[in-house]
Amino acid sequence: MKKYKIALAGNPNVGKSTIFNALTKKHQHTGNWTGKTVENASGEYKYHNNIYEIYDLPGTYSLIAHSKEELLARDLLCFNKEIDLTIVVCNAVNLERSLNLVLQILEITSNVLVVVNLIDEARKKQINIDLNKLSKILKVPVISSSATNNEGIDTIKEKIEYYVEFKNKEFYKLQYDNKLEKEISKITKYLDNSLENKKWLSLRLISGDKALITSLKKHTNYDITTNKKLVAALKQSTKNLKNIDIELLVVSNILKECHNIYINTVTNTTNKYIEREQKIDKIITSKKFGIPIMLIMLFFIFWLTIVGSNYPSEVLSNFLFSLEDPLYDLCQIFPDYIRDLLINGVYKTTAWVIGVMLPPMLIFFPLFTIAEDIGLLPRIAFNMDGMFNKCHACGKQCLTMCMGIGCNAVGVTGTRIIDEKRERLLAIITNSFMPCNGRYPVIIAIISMFFIGTTRGIISSLLSSLILVLVIILSILMTFITCNILSKKILKGKKSSFVLELPDYRKIRIGKIIVTSLLDRTIFVLGRAIMVAMPAGLIIYIITNITYNDTSILNIISNFLDPIATLIGLDGVILLAFFLGLPANEIVLPIILMTYLGTNSLTDYDTLTNLKTILIDNGWTTLTAICFIIFNLFHFPCGTTLLTIKKETNSWYYTFLSFIIPLFIGITLCFIITTISKIFILLF
């Protein structure tokens, strides 16, 4: 049995991760927007007694690397000699653009298999591709697939098996301007013979690619600065080409070749689909309608989530808490204090997390996934780019904010799609402003209890949805304000430009939506919440039951914090709960309830009305609910996100800023709201 290594490359949004999942049976998240894969994922599959290890490279448009993911993809293709075959995935609907990467990869390796994916969408748009002719021109195998429909996956496996040991001696070669080709040949002869891809390396060195020099030293231990003849030759080539924009010359040459190949292999018999999409985009991405449509979409998603989650939450909570007595009986073999720890501490906390979080997630995530899958999220980023531009940030930050709605830690990792370090840091520091999966259900629960009331009429639900939209708008506004201030005071610099691809609109794929929202989001997030809630419930129960002068340690600390918390419309219990909830936001409200209740354990409740009664009995008012939502929105990130920030920035300084800035904003906003409320009460 042999083991082969396969690199999977391609532009963003061409279905690379879908093919990766189909081959390896792993469920790496896929989505209809750029930048989903930001680091090399790997997986294996067996085929005819051989093992094939697949590396899913970050999506990139070019090997002229600028961003972190482009560098990752380029370095693996250029310097990993263990790669036996490179699969380049192309978009059948936009083949000309995909050919750009294909031609650049062919400069590095001839061991290439081209997969023209999304062929089903090309058929619908009556785009015909002559795969045989394309294969003859490129001199590498070319096959088609529709990975979402599992079409062509078996063929991909067959071709991989055949071509993985096939060494192609004749392949497509790019030819550049005669003057540039002459300078390339001069540099090539001075490069070490152990290096492969000498022509491409020479071209990049002439272009002044400093990142490549670093990568050469890192991956091959070859330092060009020690080769005096090479350094001298590079200086001479720079003089000879001083009046030529090398990058522009190279790019224009590649694009010209792509166009020639495209017109010789592709025919489009009708443009009605393209024209229809362009008409839709004129509305969705217009200055007049773009932002309102985005807000209406958010309003609709939140409204369905709030209306749909109330009754299931009650049913699920009743069921979970009905199991308390049977479980208590099952634990009779344990001493009473152990049984109380397990049932009153661990189980009740976990049951609360599941009962409150699961129903909203089962509604919200599928709706959000639909918006992502059909291609609306990149258009939201397009609409908001002008606003980011005014605060000296990058429009790609909108995409990382959308990732943050799922999980702030994922949003921080996703900032790798932003090229400039300064703009990437802006996105990292402000990413926690977007409420993540752990905070959404709690915000929805508070809104439902204090702003819907006991009624479930359409007016109440619409009002609640409107409040939630206003909460998100506040998050976005504070993101803009903070980015603008940081850009002027701490992270100074000019805004870079970026090109955002607007993907084709796709039909809703119900099966894919259910699997993605259920497996990749709901189960993952709920599982994480449970894993944190169980030990947290145990520890907090112990602390609650350790007393000093007949007062629990938890109450002693909360009483100490109470005067401070009162200034910002909260109480000591709430403020303490946020700090104890550092491991995960999901457990903040259970900690509050556990501390409030005289039994020192989480008491079951039948409805959100009963939960509201517990809060009101402990001094909650509408002002408390508002300040709780604000503080829940703006406080330090969870522990997982902070560790991710440290890893991404390699700096405790920026990790501290990410901790203190949202906390400062939350305290300030709550203090202002509380002060205005007190003044209003005194006056009226």
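Student: Which residues of helix 19 meet helix 29, and which residues of helix 29 do they meet?

Tutor: Leu425, Ile428 and Ile429 in helix 19 make the contact. Their partners in helix 29 are Tyr654, Leu657, Ser658 and Ile661. By class, this contact has 6 nonpolar residues, 1 polar residue and no charged ones. Keep in mind that the model is predicted.

Student: Why do such contacts recur at steps of three or four residues?

Tutor: An α-helix has 3.6 residues a turn, so residues three or four places apart point the same way. In helix 19, look at Leu425, Ile428 and Ile429. In helix 29, follow Tyr654, Leu657, Ser658 and Ile661.

Student: What describes the packing of two helices?

Tutor: The angle between their axes and the distance between the axes. Take helix 19, residues 421-430, and helix 29, residues 652-683. Their axes come within 8 Å and cross at roughly 45°. Angles from 35 to 65 degrees fall in the oblique class, so helix 19 and helix 29 are oblique to each other. The crossing is right-handed.

Student: At what angle do helix 7 and helix 8 pack?

Tutor: About 110°, with their axes 9 Å apart. Helix 7 covers residues 178-188 and helix 8 covers residues 198-206. The roughly perpendicular class runs from 65 to 115 degrees, and helix 7 and helix 8 are therefore roughly perpendicular to each other.

Student: How do the residues of that contact divide by class?

Tutor: Into 5 nonpolar, 2 polar and 4 charged. Helix 7 brings Leu180, Glu181, Glu183, Ile184, Ile187 and Thr188. Helix 8 brings Lys198, Lys199, Ser202, Leu203 and Ile206.

Student: Now burial. How many residues of helix 24 are buried?

Tutor: The cut-off for buried is under 20% relative accessible area. In helix 24, residues 572-580, 7 of the 9 residues are buried, so this helix is largely enclosed by the rest of the structure. The buried ones are Gly572, Val573, Ile574, Leu575, Leu576, Ala577 and Phe578.

Student: Which helices do they pack against?

Tutor: Helix 23 (553-567), helix 25 (588-596) and helix 27 (622-633).

Student: Let me try single residues. Is Pro662 buried or exposed?

Tutor: Buried, with a relative accessible area of 0%. Pro662 lies in helix 29. Leave aside neighbours within four places in sequence, and Pro662 is in contact with Ser432, Phe433, Phe634, His635, Phe636, Pro637 and Leu657. Leu657 is also one of the helix 29 residues that meet helix 19.

Student: How far apart are Pro662 and Thr479 in sequence and in space?

Tutor: 183 residues in sequence, yet 9.9 Å from C-alpha to C-alpha.

Student: And Met294: where is it placed, and what does it touch?

Tutor: Met294 sits in helix 13, residues 290-322. At 8% relative accessibility, Met294 counts as buried. Beyond residues up to four places away in sequence, Met294 touches Ile380 and Met384. Leu376 lies 82 residues from Met294 in sequence and 8.8 Å from it in space, C-alpha to C-alpha.

Student: What do the totals for the chain say?

Tutor: Of its 684 residues, 57% count as buried. The secondary structure comes to 29 helices and 10 strands. Consider contacts between residues at least 6 apart in sequence: 75% of them join residues at least 24 apart. The accessible surface comes to about 30,400 Å², and 61% of that belongs to carbon and sulfur atoms.

Conventions
Residues are numbered from 1 along each chain as its sequence is written. This is a predicted model: local features need pLDDT of at least 70, side-chain atom pairs count only at pLDDT 80 or more; totals for chains, interfaces and linings use all residues. Side-chain values use heavy atoms; hydrogens and water are left out. Helices (H or I, at least four residues) and strands (E, at least two) are DSSP runs, numbered from the N terminus. Buried means under 20% relative accessible area, exposed over 50%, partly exposed in between (1.4 Å probe, protein chains only). Contact means heavy atoms within 4.5 Å. Accessible areas come from the Shrake-Rupley method with a 1.4 Å probe; for residues, only the protein chains shown count as cover. Axes are lines fitted to C-alpha atoms, for helices over the stretch in contact, and angles run from 0 to 180 degrees between N-to-C directions. Angles under 35 degrees count as roughly parallel, over 145 as roughly antiparallel, 65 to 115 as roughly perpendicular and the rest as oblique. A crossing is left-handed if the near helix is turned anticlockwise from the far one by less than a right angle, and right-handed if clockwise. Ala, Val, Leu, Ile, Met, Phe, Trp, Tyr, Cys and Pro count as nonpolar, Asp, Glu, Lys and Arg as charged, and the others, Gly among them, as polar.
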